[in-house]
2 protein chains.
Amino acid sequence: MANGAITIEDVARLAGVSIATVSRTLHRPDIVSEKTRKRVEQAIEATGYTTNAMARSLRTMQTHVIVVLVPNIGNPFFSEILLGIEAVASAHGFNILIGNTDNKPEREKSFAAYVRGHQADGMLLLNGHVPLDNGGRLQGRPAALPPMVIMCERIPGLSLPTVRIDNEGAAHLATRHLIELGHRSIAHIKGPEENILTKDRLAGYRRALEEAGIPFEARLVAPGDFSIPSGQRGVERILDEGPRPTAVFCSNDEMAMGAIVALKQRGLSVPGDVSVVGFDDIQFAGSCDPPLTTIHQPRRHIGETAMALMVELLESGSVPEREVVIETELLQRGSSGPPRGP
Amino acid sequence: MANGAITIEDVARLAGVSIATVSRTLHRPDIVSEKTRKRVEQAIEATGYTTNAMARSLRTMQTHVIVVLVPNIGNPFFSEILLGIEAVASAHGFNILIGNTDNKPEREKSFAAYVRGHQADGMLLLNGHVPLDNGGRLQGRPAALPPMVIMCERIPGLSLPTVRIDNEGAAHLATRHLIELGHRSIAHIKGPEENILTKDRLAGYRRALEEAGIPFEARLVAPGDFSIPSGQRGVERILDEGPRPTAVFCSNDEMAMGAIVALKQRGLSVPGDVSVVGFDDIQFAGSCDPPLTTIHQPRRHIGETAMALMVELLESGSVPEREVVIETELLQRGSSGPPRGP
DNA sequence: GAGAGAAATGTAAAGCTTTTCATTGCATAT
DNA sequence: ATATGCAATGAAAAGCTTTACATTTCTCTC
């Protein structure tokens with residue numbers, strides 16, 4: 001950096017006091033006399049001093065930085081959660097370091113090292129798995145886990161504070177909505193195979209069918225990967241393979257938008273011929289044509305809650321082994337309606 | 001933190017060497033004998049040691065962290081630029097700290113303090129203005145600016161390395177595209193008033209009209225704020241105020257999508273009655289109905305270029321006073337076509 | 001086998017802050 | 001005037017690393 005950096009010593013010299021007094025003026029102004037405080041403040045102003053955060057962190061063992069592990073910042077779903085995290089973080093004097101993992105284990109580990117290397121106080125996990133290596137250690141660390149809060153996906157077999165939505169319940173709600181409209185042949189486009197979200201949402205879909213006495217048909221379930229094109233492909237596959245369903249429940253909104261594109265391309269109307277329901281309520285869900293019926297996740301709120309839990313965890317030191325389940329909501333918009341009469 | 005932290009000293013003791021040797025084993029393994037290196041590596045493995053990044057940073061005066069100031073991470077436009085930054089950063093061993101400013105000066109300053117406080121080596125500015133206070137000092141700092149690279153918007157009167165696209169030229173291209181299709185009455189929906197992007201794109205629009213001998217009509221220019229609803233309002237206002245234009249060039253894609261919604265609501269077809277052209281090529285531009293004709297900005301590439309410039313800046317120490325202009329491209333999709341014949 | 005030179009290792013300082021403990025200064029009470 | 005106590009300040013250690021310089025150990029040559 002080589003910038004003749006201004007240190008606390010420079011300020012002390014200019015103010016004619018010891019460095020301890022400068023530190024106190026900054027940290028606990030009440031215990032320093034008014035006269036010297038003024039002098040010190042002037043000196044700080046004159047020199048343009050700001051405390052070297054590294055040195056402070058080294059001394060206090062606190063960085064006030066929280067790492068957030070995100071699979072993909074490009075995904076607007078995550079970015080709104082980040083806004084919620086940000087808001088609470090900055091209100092409590094924390095900064096967040098966003099770790100874009102791309103689902104690559106080596107990237108996850110590199111960010112986990114951040115916490116281990118004392119560059120961050122804790123970690124928020126939006127990626128659905130803890131960066132643990134075989135020995136049950138976090139990237140080589142014995143036993144004690146750093147402060148962590150799991151977000152959005154259940155991680156089985158690990159008791160860490162968790163914030164999540166009831167994916168199974170919400171999927172059940174979405175599917176029941178279609179059933180109540182009168183649909184009996186309801187397709188589903190899944191998310192990526194290993195994903196827990198995928199499993200939970202599929203389970204909710206199946207339970208709703210079951211409860212309504214509708215037999216589950218494997219033919220009506222297409223694989224997907226949460227992308228728009230995979231939604232298109234999913235619909236095409238289902239249409240090609242048998243009689244047309246009257247509704248499709250997609251595991252996220254992007255795929256639902258892809259599904260609508262594919263249906264339109266085949267000359268089918270939405271919701272006239274086929275109803276489509278998504279999941280997430282992303283930004284464009286209300287503005288596409290037709291506006292998408294979907295499950296609204298209060299993303300901002302999820303982020304806020306998780307960060308609040310982290311702050312509590314850091315301040316109390318204790319680990320509140322708690323699971324917060326955030327309420328979701330079905331937004332009924334234009335893409336779903338009753339099936340065409342017989 | 002209170003985690004009986006493992007320090008370099010613990011490793012040294014276990015390996016029976018001095019801490020200097022441990023440090024060297026980590027830093028310059030070539031200058032330590034094979035035998036001791038093995039012993040040290042074993043001790044590191046056994047203790048699960050990782051170097052305390054704060055202490056290292058304090059010593060080396062380098063953090064390998066770059067702050068990126070973003071107005072709004074929620075905006076997918078920015079998030080893809082971030083991916084580009086991320087990619088180059090991690091390839092060079094840097095981490096990025098995303099500073100979501102919400103366009104609030106106090107937040108910008110708080111992140112600028114990060115650089116001043118030696119918690120970051122440099123700053124990438126996506127927000128269009130440098131967090132300078134009156135005295136021409138960066139948040140109180142005299143003279144020397146920290147390493148900064150400006151992205152996406154020109155900042156007048158400041159000679160810092162810049163990466164941007166040619167907004168005026170791209171807007172000109174988009175407008176000329178409509179003119180070449182045969183349109184003569186072309187509306188424009190602007191971005192936020194103070195924004196430089198707004199001005200540049202408006203200028204490009206005007207130049208294209210001028211070159212084609214089409215008189216500029218203030219009536220055909222509506223204000224906007226880059227949001228979907230503002231695009232809707234813009235179109236409604238133009239339609240309400242006079243004869244219908246046959247095309248609309250919007251200053252970004254969100255507003256273009258809003259414009260399409262509003263046109264459809266009025267029973268107008270796109271592009272049959274009115275052509276719409278956007279700007280940015282956001283993720284959903286290709287999947288909406290009709291697919292949006294727009295200016296493609298290679299966002300990832302922009303991010304990569306800027307971060308590469310930053311790395312160069314940090315490594316060479318010199319400030320390459322350079323302006324890189326990234327090429328844009330007109331993507332002709334379904335939302336634009338020739339005007340209906342007379 | 002001695003000595004020179006190179007290689008390997010150790011010692012200690014520096015980087016900047018916070019904080020404990022000690023000291024100074026002052027006011028009040030005796 | 002002296003003692004007592006409190007408020008304000010200072011000196012110095014600690015936090016962990018890197019690295020310049022000093023020292024030791026080794027290798028090779030004569």
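Helix α2(B) makes the largest contribution to the surface near DNA strand D, with five residues. Helices here are DSSP runs of H or I with at least four residues, strands are runs of E with at least two, and both are numbered from the N terminus. The model is a predicted one, in which local features need pLDDT of at least 70 and side-chain atom pairs count only at pLDDT 80 or more, while totals for chains, interfaces and linings use all residues. Residues are numbered from 1 along each chain as its sequence is written, chains are lettered from A and ligands numbered from 1 in the order in which they are written, and side-chain values use heavy atoms, with hydrogens and water left out.

Staying with strand D, 28 residues surround it, and the closest are Thr36(A), Ile8(B), Ser23(B), Tyr49(B) and Arg59(B). A residue counts as near a strand if one of its heavy atoms lies within 4 Å of it. Sugar and phosphate make up 62% of the strand D atoms that come within 4 Å of the protein. Both chains take part here: α2 (19–27) and α4 of chain A, plus α2 (19–27) and α4 of chain B, each supply at least two residues of the surface near DNA strand D. Sorted by class, that surface has twelve nonpolar, eleven polar and five charged residues. In this scheme Ala, Val, Leu, Ile, Met, Phe, Trp, Tyr, Cys and Pro are nonpolar, Asp, Glu, Lys and Arg are charged, and the others, Gly among them, are polar.

Next come the polar contacts with strand D, a polar contact being a pair of N or O atoms within 3.5 Å. On the phosphate side, a backbone N or O atom of Ile8(B) sits 2.5 Å from a phosphate oxygen of DNA strand D, and an N or O atom in the side chain of Arg56(B) is 3.0 Å from a phosphate oxygen of that strand. Arg59(A) goes for a base instead, with a polar side-chain atom 3.2 Å from a base nitrogen of DNA strand D.

Now for DNA strand C. It has 27 residues around it, of which Ile8(A), Tyr49(A), Arg59(A), Ser18(B) and Thr36(B) come nearest. Sugar and phosphate again account for 62% of the strand C atoms that come within 4 Å of the protein. On this strand α2(A) gives the most to the nearby surface, with five residues, and α2 and α4 of chain A as well as α2 and α4 of chain B each supply at least two. The surface near DNA strand C divides into eleven nonpolar, eleven polar and five charged residues. A polar backbone atom of Ser33(B) lies 3.0 Å from a phosphate oxygen of DNA strand C, and an N or O atom in the side chain of Thr36(B) is 2.9 Å from a phosphate oxygen of the strand. The base contact involves Arg59(B), which has a polar side-chain atom 3.2 Å from a base nitrogen of DNA strand C.

How are the two protein chains related? A rotation of 180° with 0.0 Å of shift along its axis superposes chain B on chain A, with an RMSD of 0.1 Å; the fit is by least squares on the C-alpha atoms of residues with pLDDT of at least 70 in both copies. The two copies are therefore related as by a two-fold rotation axis. In chain B, the C-alpha of Leu97(B) is the nearest to this axis, at 2.4 Å. Both copies use the same surface, as 100% of the contact residues of chain B recur in chain A, where contact means heavy atoms within 4.5 Å.

One helix pair across the two chains is α4 (residues 53–60) of chain A and α4 (residues 53–60) of chain B, which pack at an angle of about 145° with their axes 9 Å apart. Axes are lines fitted to C-alpha atoms, for helices over the stretch in contact, and angles run from 0 to 180 degrees between N-to-C directions. Met54(A), Ala55(A), Ser57(A) and Leu58(A) meet Met54(B), Ala55(B), Ser57(B) and Leu58(B). The residues of this contact comprise six nonpolar, two polar and no charged.

Notes:
A polar contact is a pair of N or O atoms within 3.5 Å; within protein, one must be able to donate a hydrogen and the other to accept it, and residues adjacent in sequence count only if both atoms are side-chain atoms.
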